[in-house]
Every structure is written in C-alpha cells, then in structure tokens.
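Here are my notes on the model you sent, set out as numbered points. Please read them with the structure open beside you.

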Amino acid sequence: MTTRLVQNQEDRDAVFEVRRSVFVDEQGVPAANEYDEFEDTAQHLLALSGQVPVGAGRLRVVDGVAKLERICILADYRKLGIGKIIVEAMEQAAAAQGLASAKLNAQTQAEGFYSKLGYRTVSDIFFEEGMPHVTMTKLLAHRA
C-alpha cells in the first residue's frame with residue numbers, strides 16, 4: 001500500500017474516479033456536488049494497492065487549519081487499514097506545511113474510526129448531502 005500527493009493529471013484523474021465510485025455511484029451524491037471550486041487549489045492524495053488506485057483524500061487549509069476532506073476507499077478495499085494510512089499521510093502533509101491542527105466533517109458512521117485516530121467530535125450532528133455528519137478536530141504532532 002502506498003500513498004502519494006497528486007502531481008500529475010493521471011493521478012488526479014484516478015483520485016476523481018475513486019471519489020466518483022464511492023460518493024456518486026455508491027452513496028448517491030450528485031456529481032455536480034462532489035466536485036467543487038476547491039479542486040484546483042486543494043492538495044489531493046491517492047492511495048494505491050500495487051498500481052491500482054483504491055483510495056483518495058483532499059487537503060485544504062481553511063483559517064490556518066488543515067481540513068481533511070473527500071476521504072474514501074473503494075468498497076473492495078475497506079477494512080484493510082487503508083483509511084488510517086490515508087489520514088496519516090494527509091496529517092503528515094499538513095504538518096509539513098506547519099499546520100498545528102486538523103479538522104474534518106465525518107459521516108457519523110465513520111465517527112468511531114476517526115476517534116480511534118485521535119479526532120474529537122466538536123459539533124452536533126448536521127446533514128451534508130442528506131447524510132448525518134459531525135465536525136471533528138485533532139492537534140497534529142510536531143515533526144522535527
């Protein structure tokens with residue numbers, strides 16, 4: 001399992017294909033809502049099993065905080081620890097930019113997963129794309 005920050009169009013296309021599969025096809029999010037005005041300014045992360053794209057994430061800086069977004073894994077590759085690898089890689093990218101904390105809007109069904117990675121719920125339940133979410137935050141470890 002490897003991850004890398006997207007540096008070329010081929011990787012970007014792979015990220016968008018993984019996201020389409022998970023969010024649009026599987027979860028029913030309208031494609032027009034899945035892709036937004038932040039795609040060109042955000043950092044994208046691609047997770048690969050061998051040469052097969054299997055996961056993705058998006059990292060933005062919002063008000064001086066790393067915002068982890070669009071974290072997803074193809075259905076056949078879930079429960080293999082890939083989500084943890086993606087989140088940790090995104091946190092490392094954020095820390096490398098000097099960011100001290102991260103936040104994300106987690107689907108409530110994934111709240112336990114993020115809690116195990118050190119995230120704490122800081123909001124009531126709200127809905128995005130018809131699905132219940134909570135905002136979660138975490139202080140990032142300082143890298144020497």
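1. I begin with Phe 113, which is partly exposed in this predicted model, its relative accessible area being 33%. The residue beside it in the sequence, Tyr 114, is buried, with a relative accessible area of 8%. The two rings form an aromatic pair of the edge-to-face kind, with 4.9 Å from centre to centre and 70 degrees between the planes. Ring pairs also bring in Tyr 119, so that Phe 113, Tyr 114 and Tyr 119 are linked into a cluster.

2. A search of the whole structure finds three aromatic pairs. One of them joins Phe 16 and Tyr 35, whose ring centres are 5.2 Å apart and whose planes meet at 55 degrees, so this pair counts as tilted. The pair links distant parts of the chain, since Phe 16 belongs to helix α1 (residues 9–26) and Tyr 35 to the loop between α2 (31–34) and β2 (43–49), 19 residues apart. As for cover, Phe 16 is buried at a relative accessible area of 18%, whereas Tyr 35 has 25% and counts as partly exposed; the cut-off for buried is under 20%.

3. Glu 111 deserves a look of its own: this residue lies in helix α4 (residues 111–116) and, at 24% relative accessibility, counts as partly exposed. Leaving aside residues up to four places away in sequence, Glu 111 touches Thr 121, Val 134 and Met 136. For Thr 121, which is 10 residues from Glu 111 along the chain, the separation between the two C-alpha atoms is 8.0 Å.

4. Two loop residues should be checked for their backbone angles. Lys 79, although not a glycine, has a positive phi of about 70 degrees; this residue is placed in the loop between β4 (65–73) and α3 (82–96) and is exposed, with a relative accessible area of 87%. Glu 129 is likewise a residue other than glycine with a positive phi, here near 50 degrees. Its place is in the loop between β7 (126–128) and β8 (131–139), and at 43% relative accessibility Glu 129 counts as partly exposed.

5. Turning to the overall architecture, the protein has four helices and eight strands, which follow the pattern β-α-α-β-β-β-α-β-α-β-β-β when read along the sequence. The radius of gyration is 14 Å, close to the 15 Å that the globule rule gives for 144 residues, so the protein is as compact as a globular protein of that length. Taken along the principal axes, the box filled by the C-alpha atoms is roughly 35 × 30 × 30 Å.

6. On packing and surface, buried residues make up 45% of the 144 residues in the protein. Among contacts between residues at least 6 apart in sequence, 59% join residues at least 24 apart. The accessible surface comes to about 7800 Å², and carbon and sulfur atoms account for 50% of this area.

7. A last point concerns charge: the protein carries 16 positive and 20 negative charges, and the mean positions of these two sets are 6 Å apart.

Technical notes:
Residues numbered from 1 in each chain as written. Predicted model: local features only at pLDDT ≥ 70, side-chain atom pairs only at ≥ 80, totals over all residues. Heavy atoms only, no water. Rg over C-alpha atoms; globule rule 2.2 N^0.38 Å. Buried < 20%, exposed > 50% of the residue type's maximum accessible area, 1.4 Å probe, protein only. Contact = heavy atoms within 4.5 Å. Areas by Shrake-Rupley, 256 points an atom, 1.4 Å probe, with all protein chains shown as cover. Lys, Arg positive; Asp, Glu negative; His and termini not counted. Charge placed at Lys NZ, Arg CZ, Asp CG, Glu CD. Phe/Tyr/Trp six-rings, centres within 6.5 Å; stacked < 30°, edge-to-face > 60°.
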